[in-house]
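Please work through the exercises below with the sequence and the structure at hand, trying each task before reading its solution.

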Amino acid sequence: MDISVGEVLIMKKKHPCGGNRFQVLRVGMDFKLRCLECGHEIMIPRAKAEKGIRKIEPKDGPAVQ
């Protein structure tokens, strides 16, 4: 899966604050994501992140599935 820094991921599971949109801050073996609802930053393994993605919004433009 081709994910780059700056894209917004809409995840299947919600963050405890209620938001499900995360901005990608870092990619590699782990993804560093920032919740766009509360600003909390999390690190999750690439495999878990890719499995939980519902939609990818590019830096600018309409959503891509």
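The exercises that follow concern a predicted model, and each task is followed by a stepwise solution.

**Exercise 1.** Determine which parts of the chain are tied together by the salt bridge between glutamate 57 and arginine 21.

Solution. Begin with the pair itself: the closest N and O atoms of glutamate 57 and arginine 21 are 2.7 Å apart, which lies within the 4 Å that a salt bridge allows. Next, place both partners in the fold: glutamate 57 belongs to strand β5 (residues 53-57), whereas arginine 21 belongs to strand β2, so the pair links parts that are 36 residues apart in sequence. Finally, consider the surroundings of the positive partner: arginine 21 has a relative accessibility of 35% and therefore counts as partly exposed. This bridge is one of four salt bridges in the structure.

**Exercise 2.** Work out which residues are joined into one network by salt bridges that share partners.

Solution. First take lysine 32, which forms a salt bridge with glutamate 41, the closest N and O atoms being 3.5 Å apart. Then take arginine 34, whose side chain meets that of glutamate 41 in a salt bridge with an N to O distance of 2.9 Å. Because shared partners connect such bridges, Lys32, Arg34 and Glu41 form one network. As a last step, assign the exposure classes, for which partly exposed means between 20% and 50% relative accessible area: lysine 32 is partly exposed at 28%, arginine 34 is partly exposed at 29%, and glutamate 41 is partly exposed at 35%.

**Exercise 3.** Is histidine 15 buried or exposed, and which residues does histidine 15 touch when those up to four places away in sequence are not counted?

Solution. Start with its position, which is in the loop between β1 and β2. With a relative accessibility of 13%, histidine 15 falls under the 20% limit and therefore counts as buried. Once residues up to four places away in sequence are set aside, histidine 15 touches Phe22, Cys35, Cys38 and His40. For methionine 29, by comparison, the C-alpha to C-alpha distance from histidine 15 is 21 Å, with their positions 14 residues apart in sequence.

**Exercise 4.** Describe where cysteine 17 lies and what cysteine 17 is in contact with beyond its neighbours within four places in sequence.

Solution. Cysteine 17 is located in the loop between β1 and β2, and its relative accessible area of 36% makes this residue partly exposed. Leaving those sequence neighbours aside, the contacts of cysteine 17 are Cys35, Glu37 and Cys38. For cysteine 35, the separation along the chain is 18 residues, while the C-alpha atoms of the two cysteines are 8.9 Å apart.

**Exercise 5.** Identify which residues form a positive surface patch.

Solution. The members of the patch are Lys12, Lys51, Arg54 and Lys55. Of these, lysine 12 can be placed in the loop between β1 (8-11) and β2 (21-26). Its relative accessibility of 49% classes lysine 12 as partly exposed, and this value satisfies the requirement of over 30% for patch members.

Definitions and conventions. Residues numbered from 1 in each chain as written. Predicted model: local features only at pLDDT ≥ 70, side-chain atom pairs only at ≥ 80, totals over all residues. Heavy atoms only, no water. Patch = residues over 30% accessible without salt bridge, like charges linked within 9 Å, V, L, I, M, F, W, Y side chains within 5 Å. Areas by Shrake-Rupley, 256 points an atom, 1.4 Å probe, with all protein chains shown as cover. Lys, Arg positive; Asp, Glu negative; His and termini not counted. Charge placed at Lys NZ, Arg CZ, Asp CG, Glu CD. Helix = DSSP H or I, 4+ residues; strand = E, 2+ residues; numbered from the N terminus. Buried < 20%, exposed > 50% of the residue type's maximum accessible area, 1.4 Å probe, protein only. Contact = heavy atoms within 4.5 Å.
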